[in-house]
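I opened the model to look up two things, strand pairing and enclosed space. My notes are below.

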Amino acid sequence: MVFGRGGRDEESLPAVLDWRGVTTFTVGGVERQSAKGGRTVFGPTAVRVPRREGAGRVYPPCALIVTRDAATRVLYGDRERQRVLCTVECTGDGDGERRYVVRDESGGEVGRVRRVPPTRKLLRHTWRVEQPGHPEIVGRNKWAALSRRDAAARAAGKLVEGVLDSVFSFGAEGGDAPRRDRTLLWLAEGEEVMQSEGVDFRVKARWLDRRLAFAVAAIGDS
């Protein structure tokens, strides 16, 4: 049985988590999912932290995403949408490049995000994330980020375990075919800061402001 917004049991909704220490998250509207064949409880679109609960899963939110208008998204730290975590505003869309500024609840700048068009037709766009006091983060398809030697090793299934764990524990697509692989590596001066596959993210650098990671997830990789 599936419960929509009008029929869900409010008491069954998981509590909102503290966003600051989140390392693994996804974006979606599922609050709780029972074992196979059981009911699914839906809620608002949010940044959620997947967890197992018995035979089922629970997806407690840590930031609720609200689209204010075509250019602005607001992320809230509570279900009542009273406590703003950050706003994500598109400040330009010229030459195919989209630029966003991320601000905290007081209007102070947390950082900036850029979605950069590819230089060649067959390639996908890349990302640039700027966090004050830290090197620029570049997000690109893992096959483009790898050296030729490592890409060849991965294709042969010989890459050292742990370098590219692209199948997340909460259910991402598998497979090694480069054309189908949506995994992005987020690197800053050689350090792997984050990894993402579609709406599933894993933060690896403790210094990364989670609000910037959430902003990227809220913008989407379309």
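The entries take a strand and its partners, then the cavity search.

Entry 1, the model. I am working from a predicted model.

Entry 2, burial of strand 3. I looked up strand 3, which covers residues 40-48. Seven of its nine residues are buried, so I note the strand as largely enclosed by the rest of the structure. Buried here means under 20% relative accessible area.

Entry 3, partners of strand 3. I checked the pairing with strand 2 (residues 24-33) and found six bridges, with the two strands running antiparallel. I then checked strand 6 (residues 61-69), which is joined to strand 3 by three bridges and also runs antiparallel to strand 3.

Entry 4, Val-47. Which residues stand opposite Val-47? On the strand 2 side I found Val-27, and in strand 6 I found Ala-63.

Entry 5, cavity search. How many cavities of 30 Å³ or more does a search of the whole structure find? I got one. The volume of the largest cavity comes out at about 30 Å³.

Entry 6, cavity lining. I listed the residues that line the largest cavity: Val-129, Ile-137, Trp-186, Met-194, Leu-208, Leu-212, Ala-213 and Val-216. Sorted by class, the lining has eight nonpolar residues, no polar and no charged. I also asked which helix gives the most to this lining. Helix 3 (residues 210-219) does, with three residues.

Conventions: Residues numbered from 1 in each chain as written. Predicted model: local features only at pLDDT ≥ 70, side-chain atom pairs only at ≥ 80, totals over all residues. Heavy atoms only, no water. Buried < 20%, exposed > 50% of the residue type's maximum accessible area, 1.4 Å probe, protein only. Pairing = 2+ DSSP bridges. 1 Å grid on protein atoms, 1.4 Å probe; cavity = no way out; pocket = protein on both sides within 12 Å on 5 of 7 lines; lining within 4 Å. Points joined across faces, edges and corners; volume = space filled by probe spheres on them. Nonpolar A, V, L, I, M, F, W, Y, C, P; charged D, E, K, R; others polar.
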